[in-house]
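Reader: I am new to this structure and would like a close look at one buried part of it, followed from there out to the rest of the chain. Please take your time and explain each term where it is first needed.

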Amino acid sequence: MTGRNISDNLIIREFTAPKQTKLFGSLQEAQISGQLTFNDPIKGDEWHLYLYLGEIVYGTGGTHPIRRWQRNLILNLPQIPFQLSNLQEELTERKADLSDNIWEYEQLSHWVEQQVITPQQGKNAVLFILSEIFFNLTQARQVICRLDQNKIIPPNLEPIKPEEPIRSSQQVWQNWQDAGVADRSPDLAPVILQPQELQEKTSISAYQSLCKLLNGNRTLKDLSVQLKTSTLQVLCSLLPYIQSGIFGL
């Protein structure tokens, strides 16, 4: 990183937990504030992490941010029902919109201020998003990083120390490696490719249930929330069918 307000691009291959710890440790030591952007040049994904004095205020971007928000509410803020129309209405009232990178953080801050959720729930919701982002960063073969110190979000909630999401995502990543599925993205959606063959191998009720679940609209992450299990367990249960060509991702 340079001393200017906007850094040169930094290319990082295999952005593993030790490399993440080293980068964010240096940002903490220098008490850097600003927007840290990561690009995956292969998949085209982009993530933004907002720093304040070296700690993380919030993170956005990646694949399916609205789905991630919905999963976050279900798991961490169950008292708040998710409806896209209601969300649009609330954002319109606050003169925000879904294309704004920080609408989620503003919404969480608003709910904490209104005592709809507790500060700890707000922090847990931020940690959930950061852990997913760090997993995606770890899985990417290469990321391009740049820092813009002109874009700063003052913290309304307790900032997160980088080692927290790095540690939690590293544990999940290790589990995926141990299971031999590190090359499979949790953001992909299972779909039935060979319905006839599946029907021959399962009961009528099981076949009908699988058709409803694996319609190509629910990612592995979405299915894990619906089935109340881990994303890895969902993938491992489908893996024999994926390997045989009955299911695809």
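Author: Not counting residues up to four places away in sequence, W176 touches F135, V181, A182, R184, P186, T231, L232 and L235, where a contact means heavy atoms within 4.5 Å. This is a predicted model, in which local features need pLDDT of at least 70 and side-chain atom pairs count only at pLDDT 80 or more, while totals for chains, interfaces and linings use all residues. Residues are numbered from 1 along each chain as its sequence is written, and side-chain values use heavy atoms, with hydrogens and water left out.

W176 itself sits in helix 6, which covers residues 163-178; helices (H or I, at least four residues) and strands (E, at least two) are DSSP runs numbered from the N terminus. With a relative accessibility of 2%, W176 counts as buried, a word that stands for under 20% relative accessible area, with exposed meaning over 50% and partly exposed lying in between (1.4 Å probe, protein chains only). Along the chain W176 and Q233 are 57 residues apart, and their C-alpha atoms are separated by 9.8 Å.

Two of the residues that W176 touches, F135 and L235, reappear in a nonpolar core, and it helps to take the cores in order. A nonpolar core is a set of buried Ala, Val, Leu, Ile, Met, Phe, Trp, Tyr and Cys residues joined through side-chain atoms within 4.5 Å. The largest one has 45 residues, of which F24, L36, F38 and L108 touch the most other members. Two or more residues each are given to this core by helix 1 (17-29), strand 2 (34-39), strand 3 (46-52), strand 4 (55-61), helix 2 (65-76), helix 4 (103-113), helix 5 (119-139) and strand 5 (142-148). Helix 5 gives the most, with 9 residues. As for F24, once its neighbours within four places in sequence are left aside, its contacts are F15, L36, F38, L49, L51, I56, F134, P162 and I166. A second, separate core of 20 residues includes F135 and L235, together with I192 and L238.

Helix 5 can be followed a little further through A125, which has its place there. A125 is buried, with a relative accessible area of 0%, and beyond four places in sequence it touches N72, N76, L77 and L108, the last of these being among the residues with the most partners in the largest core. A125 and N150, by contrast, are 25 residues apart in sequence and 26 Å apart in space, C-alpha to C-alpha.

In strand 2 there is N39, which is buried with a relative accessible area of 18%. Leaving aside neighbours within four places, N39 is in contact with D45, E46, W47, Q142, V143, I144 and R146. The C-alpha atoms of N39 and G62, 23 residues apart along the chain, are separated by 9.3 Å.

L53 belongs to the loop between strand 3 and strand 4 and is partly exposed, with a relative accessible area of 41%. Its contacts beyond four places in sequence are Q28, Q31, I32 and S33. T231, which we met as a contact of W176, lies 33 Å from L53, C-alpha to C-alpha, and 178 residues away in sequence.

Two further loop residues deserve a careful look for their backbone angles. Most residues other than glycine have a negative phi. K228, in the loop between helix 9 (220-227) and helix 10 (231-243), has a positive phi near 55° and is exposed at 78% relative accessibility. E14, in the loop between strand 1 (10-13) and helix 1, has a positive phi near 50° and is likewise exposed, with a relative accessible area of 55%.

Stepping back to the whole chain, its secondary structure comes to 10 helices and 7 strands, and buried residues make up 46% of its 249 residues. Of the contacts with a separation of 6 or more, 69% are accounted for by residues 24 or more positions apart. Along its principal axes the C-alpha trace spans about 65 × 40 × 25 Å.
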